[in-house]
Amino acid sequence: MITVQLDKKKHNRDAFDCGVDALNNYLRVIAGQQSSRDNTRTFVLEDANVSESIIGFYTLTMTSFDLNALPEKLQKKHNNVKTGGLIARLAVDKRYVKQGFGEWLLIDALKKLLLASQIVAFPIIIVDAKEGVIQFYKKFGFAAFLDTPDKLFITLVDVRASLE
Ligand SMILES: CC(C)(COP(=O)(O)OP(=O)(O)OC[C@H]1O[C@@H](n2cnc3c(N)ncnc32)[C@H](O)[C@@H]1OP(=O)(O)O)[C@@H](O)C(=O)NCCC(=O)NCCS
C-alpha cells in the first residue's frame with residue numbers, strides 16, 4: 001500500500017464519508033486548494049480495486065507551539081524552538097474503519113514527517129485530536145500538551161526509535 005497526493009481530477013472526494021462533516025468537507029473543498037497554494041499537503045490511500053475511491057487521507061503541514069506547554073525536560077532540550085510538524089487531518093472512510101487503515105495512515109504520516117525532518121529539522125509532531133480519538137493517538141505514543149488535553153505531540157526521537 002502507498003499513499004499518493006490527492007488528485008482532484010482523479011479521486012472521488014464526494015463519495016468519501018468518515019462521519020465527520022468538517023473532515024469530509026475539508027477533503028472535498030479545501031485540501032486541493034490548500035495544496036496548490038503550498039499551505040498543506042494531503043495524501044490519500046486509494047482502494048486497490050477502485051483507485052478513484054479513497055480509503056483514507058491525511059494532511060501535513062507545520063505549526064507553531066508553546067514550548068512552555070511541553071514537559072520541563074523537553075523545554076530545556078528544545079529551548080527557542082517554536083515550530084513542529086502537524087498532522088492537520090487524518091480520517092478513514094466509514095466503509096473501511098476497524099481494518100487497520102487508520103493505524104497504517106498514521107504510521108505513513110509519521111514516516112513522511114520523519115523524512116521531512118531530516119532536511120528541515122523540527123523536534124516534535126503535533127496533532128489536534130478530535131473528541132473520541134485521543135486514545136487512538138495515545139496508543140501510538142502521543143502525549144498531551146500540559147495546557148491542552150486534546151492537543152497531542154510525539155517527539156521525533158520517539159518516532160525514529162519506533163520506526164527505524
Ligand atoms: C479514528 C480513525 C482514523 C481510526 O481509523 P481505523 O481505520 O478504524 O483505525 P484502525 O483500524 O487502524 O485501529 C487501530 C487501533 O486503534 C484503535 N482505535 C481506532 N479508533 C479509535 C478511537 N476512536 N479511540 C481509541 N482507539 C481507537 C483500534 O481499536 C485499533 O486498536 P487495536 O490494534 O488494539 O485493535 C477513524 O475512526 C476515523 O477516521 N474517524 C473519524 C475521523 C476522525 O475523528 N479523525 C481524527 C481527527 S483528529
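**Exercise 1. Find the polar contacts between protein and ligand in this predicted model, starting from Lys139.**

Step 1. Take the side chain of Lys139. One of its N or O atoms is 2.8 Å from an oxygen atom of the ligand.

Step 2. Turn to the backbone. A backbone N or O atom of Lys98 lies 2.8 Å from a ligand oxygen atom. For a backbone N or O atom of Gln99, the distance to an oxygen atom of the ligand is 3.4 Å.

Step 3. Apply the cut-off. A polar contact is a pair of N or O atoms within 3.5 Å. The Lys139 pair, at 2.8 Å, qualifies. So does the Lys98 pair, at 2.8 Å. The Gln99 pair, at 3.4 Å, also qualifies.

**Exercise 2. State how much of the ligand's accessible area the protein covers, and describe the shell around the ligand.**

Step 1. On its own, the ligand has 910 Å² of accessible area. The protein covers 70% of that area.

Step 2. Count the neighbours. The ligand is surrounded by 22 residues. The closest are Val92, Lys98, Gly102, Glu103 and Lys139.

Step 3. Sort the shell by class. It holds 12 nonpolar, 5 polar and 5 charged residues.

Step 4. Assign elements. β4 (83-92), α3 (101-117) and α4 (134-138) each give two or more residues to this shell.

**Exercise 3. Identify the pocket that matches the space taken by the ligand, then characterise its lining.**

Step 1. Match ligand and pocket. The ligand takes the space of the largest pocket.

Step 2. Give the volume. The largest pocket has about 560 Å³.

Step 3. List the lining. It comprises 26 residues. Nearest the pocket centre lie Leu90, Ala91, Val92, Val133 and Phe136.

Step 4. Trace the lining to its elements. At least two residues each come from β4, α3, β5 (124-128) and α4. β4 supplies the largest share, with 6 residues.

Step 5. Classify the lining. There are 16 nonpolar, 3 polar and 7 charged residues.

Step 6. Cross-check the two lists. Val92 is among the residues closest to the ligand. Val92 is also among those nearest the centre of the largest pocket.

Key. Residues are numbered from 1 along each chain as its sequence is written. This is a predicted model: local features need pLDDT of at least 70, side-chain atom pairs count only at pLDDT 80 or more; totals for chains, interfaces and linings use all residues. Side-chain values use heavy atoms; hydrogens and water are left out. A residue is near a molecule or strand if one of its heavy atoms lies within 4 Å of it. A polar contact is a pair of N or O atoms within 3.5 Å; within protein, one must be able to donate a hydrogen and the other to accept it, and residues adjacent in sequence count only if both atoms are side-chain atoms. Accessible areas come from the Shrake-Rupley method with a 1.4 Å probe; for residues, only the protein chains shown count as cover. On a 1 Å grid over the protein atoms alone, a cavity is a set of points where a 1.4 Å probe fits but cannot get out, and a pocket is an open set with protein on both sides within 12 Å along at least five of seven lines; lining residues have an atom within 4 Å of a point. A molecule sits in a cavity or pocket if more than half of its atoms lie within 2 Å of its grid points. Helices (H or I, at least four residues) and strands (E, at least two) are DSSP runs, numbered from the N terminus. Ala, Val, Leu, Ile, Met, Phe, Trp, Tyr, Cys and Pro count as nonpolar, Asp, Glu, Lys and Arg as charged, and the others, Gly among them, as polar. Grid points are joined across faces, edges and corners, and a volume is the space filled by probe spheres set on the points.
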